[in-house]
Amino acid sequence: MLITSESLNALFIAYGAEYKTGFNAVTPRYLEVASKTKSVTSESIYPWLGQFPMLREWVGDRNIKSMEIHDFTIKNRKFESTVSVPRDKIEDDHYGTFAPVFQQMGRMTAAHPDTLIFPLLKAGFTESCYDKQYFFDTDHPSKDENDNEVIVSNRQDGDGEPWFLIDGTQPFKPLVWQERLPYEFQQITDPNNAHVIMRDEYIYGVRGRANAGFGLWQLAYGSKAPLTMDNYALARKTMQQLRGDRGQLLGITPTLLVCGPANEKAARSVLKSQLVLESGATAPIPNVWVDTADLLITPYL
């Protein structure tokens, strides 16, 4: 290939197409547990977390309640992936051999939010959220039906591999994917660039700014106990009894069971087995929990 600005631009377009092919080949799952928000600065503050508006009968004047302000902040991070292509390879028409590299770059970029969001679920047992408690904790402050202060739990302790129950029906999700700048495919091929001159190679890469953070703990339940039907039932019951900052039932609907490969067999038994044999029984009975939630198996736990 004759190296010109036109041929290099054509090559950038070709490599970009390979990148896009790889990107589109991946279906990320993070939006099933995380809300996507747009950030316009180095960090974003979510002061409204924990506020659940409710309706009451209008008698007399409006009942105006001040919102408790939480200064929960998610700071953006910068991410990149970069490869170099020797000029000799392009001159000798070997540029096509790099196509799989750019397809793989696209695949890894598409999956990148998953690699941050799902490990955050696991970290929720030891990292704090907006109310200064661990995201999964046994003593979150809340209210009862009489507007009295109480503590509630969205956590079940144990020493096994974690699993999670999620309400994915709400406008806001339990986790946040905060995007400052979307991933961008870039090149450095200017013949006057110092790197190009000194190394005789061209640079291609991806750059983006984003981060993952905690949202509403009320919409997620975390357990390290064995994934059994009884523990699954307890998780569902606990979530559906949760109340908001005014003591109102939140109407939580557990819709998604999330776990890693270590719990896949147990998860499929709970959600997919048509019949179960209870302890002491002589014959199997219908499994009442079949298809009561979708199942998401992720390697990123």
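How much space lies in the largest cavity? About 30 Å³. I'll come back to that in a moment. One caveat before we go on: this is a predicted model.

Overall picture. The chain has 6 helices and 15 strands. Its radius of gyration is 25 Å, well over the 19 Å that the globule rule gives for 301 residues, so the chain is more spread out than a compact globule. Along the principal axes, the C-alpha atoms fill a box of roughly 75 × 60 × 30 Å. Buried residues account for 44% of the 301. Now the contacts. Take pairs at least 6 apart in sequence: 75% of those contacts join residues at least 24 apart.

Back to the cavity. Searching the whole structure for cavities of 30 Å³ or more turns up 1. Which residues line the largest cavity? They are F79, E179, L181, P182, Y183, G208, R209 and A210. Two strands each supply at least two residues of that lining: strand 9, at 175–188, and strand 10, at 201–214. Strand 9 has the largest share, with 4 residues. By class, the lining has 5 nonpolar, 1 polar and 2 charged residues.

Next, the cores. In soluble globular proteins, nonpolar side chains tend to be buried together. Here, the largest nonpolar core has 54 residues. Which of its members touch the most others? V33, L121, L175 and V258. Helix 3, residues 99–123, gives the most to this core, with 5 residues.

Let's zoom in on L175. Set aside residues up to four places away in sequence. L175 then touches V33, A34 and S35. The list also includes I117, L120, L121 and F135. G213, F214 and G215 are on it too. Note that V33 and L121 are among the core members that touch the most others, and L175 touches both of them.

Apart from the largest core lies another one, of 15 residues. Among them are Y19, F98, V196 and V206.

F98 deserves a slide. Where is F98 found? In the loop between helix 2, at 87–91, and helix 3. Is F98 buried or exposed? Buried: its relative accessibility is 17%, and the cut-off for buried is under 20%. Leaving aside neighbours within four places in sequence, F98 is in contact with Y15, S84, V85, P86 and K89. There is also a long-range pairing to look at. F98 and E18 are 80 residues apart in sequence, yet 9.5 Å apart in space, C-alpha to C-alpha.

Last topic: backbone angles. Most residues other than glycine have a negative phi, and most peptide bonds are trans. Two aspartates here go the other way on phi.

Take D93. Its phi is positive, about 65°, although D93 is not a glycine. D93 is found in the loop between helix 2 and helix 3, and F98 is in that loop as well. At 47% relative accessibility, D93 counts as partly exposed.

Then D291. Its phi is near 60°, again a positive value in a residue other than glycine. D291 is placed in the loop between strand 14, at 285–286, and strand 15, at 294–297. Is D291 buried or exposed? Exposed, because its relative accessibility is 52% and the cut-off for exposed is over 50%.

To recap. The predicted chain is more spread out than a compact globule. The largest cavity holds about 30 Å³. The largest nonpolar core has 54 residues, and another core, of 15, lies apart from it. That's my set.

Terms used. Residues numbered from 1 in each chain as written. Predicted model: local features only at pLDDT ≥ 70, side-chain atom pairs only at ≥ 80, totals over all residues. Heavy atoms only, no water. 1 Å grid on protein atoms, 1.4 Å probe; cavity = no way out; pocket = protein on both sides within 12 Å on 5 of 7 lines; lining within 4 Å. Points joined across faces, edges and corners; volume = space filled by probe spheres on them. Nonpolar A, V, L, I, M, F, W, Y, C, P; charged D, E, K, R; others polar. Core = buried A, V, L, I, M, F, W, Y, C linked by side-chain atoms within 4.5 Å. Buried < 20%, exposed > 50% of the residue type's maximum accessible area, 1.4 Å probe, protein only. Contact = heavy atoms within 4.5 Å. Rg over C-alpha atoms; globule rule 2.2 N^0.38 Å.
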